[in-house]
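Please find below a colleague's note for the bench, set out as numbered points. The points take up the cysteines, one helix and the surroundings of the ligand.

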Amino acid sequence: MARDDSLLPSHIPDWASGAVYQIVVPSYMDSNGDGWGDLPGLISRLDYLQWLGVSALWLSPIYPSPLLDMGYDVADYTDVNPRFGTLADIDRLLEEAHRRDIHILLDFVPNHTSHEHPWFKESKACRDNPRRDWYLWRDPAPDGGPPNNWTNQFEQSDWTLDEATGQYYMHSFMPEQPDLNWWNPEVRATMFDVLRFWLKRGVDGFRIDAMVHLYKDPLLRDNPPAEDSSPEKWPAWNMLPAFSQDVGGLQEIVRELCGVVSEYPERIFIGENHLPPERLPLYYCSGLTHPSNSQLLDLEWDAIHVRRMIDRYEGFLTADQWPNWILGSHDNQRVAGHLGLERARVAAMMQLTLRGTPIMYYGEEIGMHNADIQPDLERDQLALRMPGRGRGRDFQRTPMQWSGEANAGFTHGKPWLPVADDFEHTNVEQQRDDPRRILNLYRRLLALRKEHDALRIGRYIPDVLDKRALVYVRQADAERVLVVLNFTEKPIEITPRAGGGRLLISSYLDREGDYVGAKLSLRANEGVAIELD
Ligand code: NOJ
């Protein structure tokens, strides 16, 4: 079918208009009983993912790593952690996934390495080591303290003193994650070759971790205080990261990364950031980069608020900047935990009918909740280093719930993180054959996106503004689909401007094909998509 480039920009591969499904590899499927998910386990679930209808998988970091930060502490960029498998398993994953028309994105972690990376060991060895300048080393401030006031989410300085060499090194995250020096041309060239290593193997792109940290103020000036700073907040939030994140110069790095990825056709990358929507257009380049849109994370469930957010974001994007939508992630609470299952269904319908690439988080499709994890079983360093503060991220990273069997069918061994205790009634096996459960809602929505260009790539046209419901039309050529999402717990009647038509889907999964007039009746927490006359 000919493609209308005014809808999906020509530089975006068709597959990237489908859903990306984020997988925390250690939690997806264990094949060897060691309690950790692995690549062979994931390969064994590709049939499920094809059945579900996703277009691409984004895998959490799979590289050798001490796993202090779930793999976001890389000790070797061009190999696979034996806990997860081998390079041969990656090759098999690529082959098997591509055979099913599923694309693979790796998590690329360019801002920092693990302290166990040989580069850092060399860099730390002595001041005149050739790799010294691969990391950010600075002399102490005149009072002997850190070179500036930057702090991180661990409520610590971004600088750690190395007693042996008398200098501080920078880390935007934990001290065990030293930041690479992206001003050093050798570092850039080496990291670009890392991308080529994986692109040559056939990966379809990357999610770029901590993209906004890659470039820092060359003078490393102190960050200014935030306007709303207060003693109750974490120190990092009392400061405006004006000189440590999203700094001029970052765009050039992103363009260079883009240049490398574009050496290979049909690839994309998604750049992680938590910037406000007006900053996002800056980080698109030749359509390859998709600066992640995190506005739906930890969503405030208010139709007017959400409508304004969508309209603002849409308003900032130019015609060749393709949107994306993220509801949940390994760093945020689970959607069904945060909103409840009924609203999570409506949220799913929103995510999968808005214009742009939906980026799903594993387990959302079965409504996995935030798990309760006993303090002695926590793994995340945010919990372990700041106990009792509720900052840990383990509850949203628990094993995928495949069945009602022991350990939810995830492992024959002892799972690295406990399985959430609702697995007996929240699991794939049970929901698969139940036509009304959330799993089939996701599957049907993903299928509808493929069947209707209006939903896959159509324009976004806001309809009536209503505090009870979010209402919009998607349009591709003559095809128009109206989406109405009741944000309330009560039945409502609403008359969208767009008119009536045939119901493609209700989030209740029970009245597909019904004809509805211009005045619509919706049940509590009901979302509908209607093919307009
Ligand atoms: C962002 C990742 O999403 C998060 O999980 C990680 O801890 C930091 N970057 C550091 O890599």
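1. The disulfide partner C285 is buried, with a relative accessible area of 11%. The model is a predicted one, and the values that follow should be read as computed from it. The other partner, C258, is also buried, at a relative accessible area of 2%. Both values fall under the 20% that serves as the limit for a buried residue.

2. The structure holds one disulfide. The sulfur atoms of C258 and C285 are placed 2.2 Å apart. The torsion about their S-S bond is about 125 degrees, and the disulfide is therefore right-handed. C258 belongs to helix α6 (residues 250-261), whereas C285 sits in the loop between β8 (268-271) and β9 (289-291), so the pair ties together parts that are 27 residues apart in sequence. In general, a disulfide is a covalent bond between the sulfur atoms of two cysteines.

3. A further cysteine deserves a remark. C126 is partly exposed, because its relative accessible area of 30% lies between the limits of 20% for buried and 50% for exposed.

4. Helix α3 covers residues 87-99, which amounts to 13 residues. From the first C-alpha to the last, α3 reaches 18 Å, close to the 18 Å expected at 1.5 Å a residue. Just after α3, D101 adopts a positive phi of about 65 degrees.

5. Which residues of α3 are buried? They are D89, I90, L93, L94, E96 and A97. The cover over the buried residues of α3 includes the helices α1 (39-44), α2 (46-52) and α5 (185-201), together with the strands β2 (56-59) and β3 (103-108).

6. The ligand is surrounded by D69, Y72, H112, F173, R207, D209, E272, H330, D331, R393 and R397. Three of these side chains may be described through their distances to ligand oxygen atoms. For D331, an N or O atom of the side chain is 2.5 Å from an oxygen atom of the ligand. For D69, a polar side-chain atom lies 2.7 Å from a ligand oxygen atom. For R393, the separation between a side-chain N or O atom and an oxygen atom of the ligand is 3.2 Å.

7. How much of the ligand does the protein bury? Taken alone, the ligand exposes 290 Å², and the protein buries 97% of that.

Conventions:
Residues are numbered from 1 along each chain as its sequence is written. This is a predicted model: local features need pLDDT of at least 70, side-chain atom pairs count only at pLDDT 80 or more; totals for chains, interfaces and linings use all residues. Side-chain values use heavy atoms; hydrogens and water are left out. A disulfide is a pair of cysteine sulfur atoms within 2.5 Å. Helices (H or I, at least four residues) and strands (E, at least two) are DSSP runs, numbered from the N terminus. Buried means under 20% relative accessible area, exposed over 50%, partly exposed in between (1.4 Å probe, protein chains only). The expected span of a helix is 1.5 Å times one less than its number of residues. Contact means heavy atoms within 4.5 Å. A residue is near a molecule or strand if one of its heavy atoms lies within 4 Å of it. A polar contact is a pair of N or O atoms within 3.5 Å; within protein, one must be able to donate a hydrogen and the other to accept it, and residues adjacent in sequence count only if both atoms are side-chain atoms. Accessible areas come from the Shrake-Rupley method with a 1.4 Å probe; for residues, only the protein chains shown count as cover.
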